[in-house]
Amino acid sequence: MTTESPPAPRTVLVTGGAGYIGSTVCSALEDRGHTPIVLDSLVQGREEFTRGRVFYRGDIADAALLDRILGEHPRVSAVIHLAALIVVPESVAQPARYYASNVSGALTLFDRVIARGIQRLIFSSSAAVYDATTTLTVSEDSPLRPLSPYARTKAMTEQIMEDLCRAGGARGLALRYFNPIGADPALRSGPYLSSPSHVLGRIMEAAAGRAPEFMITGTDYDTRDGTGLRDYIHVWDLAQAHVRAVERFDDVFRDAAALGLDHTFLPINVGTGQGVTVRELVQAFERATGRPLPHGEAPRRPGDSAGACAVIDRARTLLGWEPRLSTEQAIHDALAWLGNRPDVPVGS
């Protein structure tokens with residue numbers, strides 16, 4: 001992908017912009033001259049990640065607040081919706097909470113922004129919507145079969161987004177994330193939850209002595225070493241995909257129509273296309289640190305699957321995007337973040 005000069009700057013409403021991924025997306029937008037307007041409840045996000053940005057504390061389901069934000073910022077021309085509860089086992093234990101927050105909240109958000117005339121919607125979706133596959137690879141045309149309440153909220157929200165876009169004259173991109181890891185290379189933000197559910201966060205907790213050991217959950221999958229296979233994407237690469245989605249939004253749908261694809265709603269995989277097993281990730285971490293990682297084995301967690309890696313041809317063709325940073329670089333940046341911010345827990 002060639003380097004391009006920044007296009008005309010946009011003002012973008014970013015829900016969940018105080019979170020791990022959302023704050024990184026905001027930094028990437030600013031680096032390209034765009035202005036993020038952050039809406040976050042701070043149920044999971046951190047207020048310090050909003051410093052220097054326009055920030056509204058509140059819920060995406062608050063229609064009056066949404067109207068106020070859009071009234072005060074009439075130049076908002078796109079919405080990136082990242083705000084969500086994301087812990088798979090918690091969603092199994094508390095499905096009502098997940099459906100209320102992730103699905104009902106998104107319905108209100110999309111309804112209000114479309115009613116205000118905003119026609120560019122970008123949704124933070126997940127590869128968890130896909131069915132298991134014997135090839136351990138998935139494209140946007142692969143069958144869907146979300147296995148957990150969390151994953152079902154993502155699939156439901158995609159459907160809501162599609163239906164509202166068709167009825168309201170808007171268009172929607174669903175960026176189906178694979179497994180974000182790492183931190184902003186400039187160390188402006190990074191992972192922070194005190195009880196991380198994502199794998200690199202749990203590895204770093206064990207490495208730092210805040211957990212007795214890292215547990216590899218599931219060792220009987222049909223993968224090359226029995227552990228789950230994931231497509232780990234550097235969070236900065238993921239953020240750049242959002243920037244491309246904002247900058248090329250209209251072009252994406254023009255080019256999609258020329259290819260015979262839907263010109264109202266379009267899912268796009270955002271991963272690396274390279275599969276790494278959990279055991280291989282442990283080994284990569286040990287190479288990066290030069291120290292053994294205390295680890296053990298445990299049964300699969302509720303809602304987990306063998307995993308898969310992304311087919312990213314659509315992202316390359318339509319977004320003009322491809323990943324640039326390696327798994328090892330993500331580990332390096334996560335460790336640098338930990339060293340730079342020892343007061344912030346390292347989970348993601």
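Are F249 and F253 buried or exposed? Both residues are buried. The tour comes back to them after a look at the whole chain. Keep in mind that this is a predicted model.

**Whole protein**

Start with everything selected and shown as a cartoon. The protein contains 11 helices and 15 strands. Turn the view along the principal axes: the C-alpha trace spans about 55 × 45 × 45 Å. A compact globule of 348 residues would have a radius of gyration near 20 Å, and the 19 Å of this protein agrees with that.

Now switch to a surface. About 14,000 Å² of the protein is exposed, and 49% of this area comes from carbon and sulfur atoms. Of the 348 residues, 54% are buried. Among contacts with a separation of 6 or more, 79% are between residues 24 or more positions apart.

**Charges**

Next, select the charged side chains and give each sign a colour. There are 35 positive and 40 negative side chains. The centres of these two sets lie 3 Å apart.

**Aromatic pairs**

Hide the surface and show the aromatic side chains as sticks. The structure holds four aromatic pairs.

Select F110 and F123. The ring centres are 6.4 Å apart and the planes stand at 90 degrees; pairs with planes over 60 degrees apart count as edge-to-face, so F110 and F123 form an edge-to-face pair. Which elements do these two rings tie together? F110 belongs to helix α4 (residues 95-115) and F123 to strand β5 (residues 120-126), so the pair ties together parts that are 13 residues apart in sequence. F110 is buried, with a relative accessible area of 1%. F123 is buried too, at 3%.

Move on to F249 and F253. Here the ring centres lie 5.1 Å apart with the planes at 45 degrees, so this pair is tilted. Colour helix α8 (residues 249-258) to see the setting: F249 and F253 are four residues apart in this helix, a separation of about one helical turn. As said at the start, both are buried.

**Last stop**

Which residues do ring pairs link into a cluster? Select F49, Y192 and W337, which are joined in this way. Show the three side chains together, and the tour is done.

Key: Residues numbered from 1 in each chain as written. Predicted model: local features only at pLDDT ≥ 70, side-chain atom pairs only at ≥ 80, totals over all residues. Heavy atoms only, no water. Rg over C-alpha atoms; globule rule 2.2 N^0.38 Å. Buried < 20%, exposed > 50% of the residue type's maximum accessible area, 1.4 Å probe, protein only. Contact = heavy atoms within 4.5 Å. Areas by Shrake-Rupley, 256 points an atom, 1.4 Å probe, with all protein chains shown as cover. Lys, Arg positive; Asp, Glu negative; His and termini not counted. Charge placed at Lys NZ, Arg CZ, Asp CG, Glu CD. Phe/Tyr/Trp six-rings, centres within 6.5 Å; stacked < 30°, edge-to-face > 60°.
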